[in-house]
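Please look over the structure below before reading on. The report then walks through selected residues and the confidence of the model.

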Amino acid sequence: MKFTIFCIALAALLSMGQCNPDFRQIMQQCMETNQVTEADLKEFMASGMQSTAKENLKCYTKCLMEKQGHLTNGQFNAQAMLDTLKNVPQIKDKMDEISSGVNACKDIKGTNDCDTAFKVTMCLKEHKAIPGHH
């Protein structure tokens, strides 16, 4: 399976600076749970990660965020995300910019938990609070 490219893109997207085996396992679990295929992910990345994602992709985002402790009971946990990010060596010097982006996105609510997770992720991308999207 060609995990490397997804791993990097999704790791960046979902604020894991490096693609460790645990994260790869989480991705696999979330893909299976939400019937998301590699083709779905590829298409999503190729379209520039537009906000018109299918519901299963939104729920996949929720699954990833929940497993990392970045989303609890449908509420984005900004502090948990910042704690994860500050351990990523490549972005230490960008933490001010990232913190303000994370804070700008922390109160976003979608129509359901999957939508919330997705909207938060898109907001982080907009604010460049996600490593690798500059």
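Which backbone oxygen lies 3.0 Å from a polar atom of the side chain of Q68? The backbone oxygen of L64 does. A polar contact is a pair of N or O atoms within 3.5 Å; within protein, one must be able to donate a hydrogen and the other to accept it, and residues adjacent in sequence count only if both atoms are side-chain atoms. Q68 sits in the loop between α4 (55–67) and β1 (71–72). Q68 counts as buried because its relative accessibility is 15%. Buried means under 20% relative accessible area, exposed over 50%, and partly exposed in between (1.4 Å probe, protein chains only). Helices (H or I, at least four residues) and strands (E, at least two) are DSSP runs, numbered from the N terminus.

This is a predicted model, in which local features need pLDDT of at least 70, side-chain atom pairs count only at pLDDT 80 or more, and totals for chains, interfaces and linings use all residues. Residues are numbered from 1 along each chain as its sequence is written, and side-chain values use heavy atoms, with hydrogens and water left out.

Two loop residues other than glycine have a positive phi. The table sets them side by side.

| Residue | Phi | Loop | Relative accessibility |
|---|---|---|---|
| Q35 | near 50° | between α2 (21–33) and α3 (38–46) | 62%, exposed |
| N73 | about 50° | between β1 and β2 (75–76) | 74%, exposed |

Now to a glycine. G101 belongs to helix α6 (residues 95–105). It is buried because its relative accessibility is 0%. The C-alpha atoms of G101 and H127 are 5.1 Å apart, and the two residues are separated by 26 residues along the chain.

How many aromatic pairs does a search of the whole structure find? It finds 1. Rings of Phe, Tyr and Trp (its six-membered ring) pair if their centres lie within 6.5 Å; planes under 30 degrees apart count as stacked, over 60 as edge-to-face and the rest as tilted. F44 and F118 form a tilted pair, 5.8 Å centre to centre with 45° between the planes. The pair links distant parts of the chain, 74 residues apart: F44 is in helix α3 and F118 in helix α7 (residues 113–126). Both F44 and F118 are buried.

Last comes confidence. pLDDT is the predictor's confidence in each residue, from 0 to 100. The chain has a mean pLDDT of 80, and 80% of its residues reach 70 or more. Confidence is highest in β1, at 94, and lowest in helix α1 (residues 3–13), at a mean of 51. Over residues 1–6 the pLDDT is below 50. Beyond near neighbours in sequence, this stretch has 11 contacts in the model (heavy atoms within 4.5 Å).
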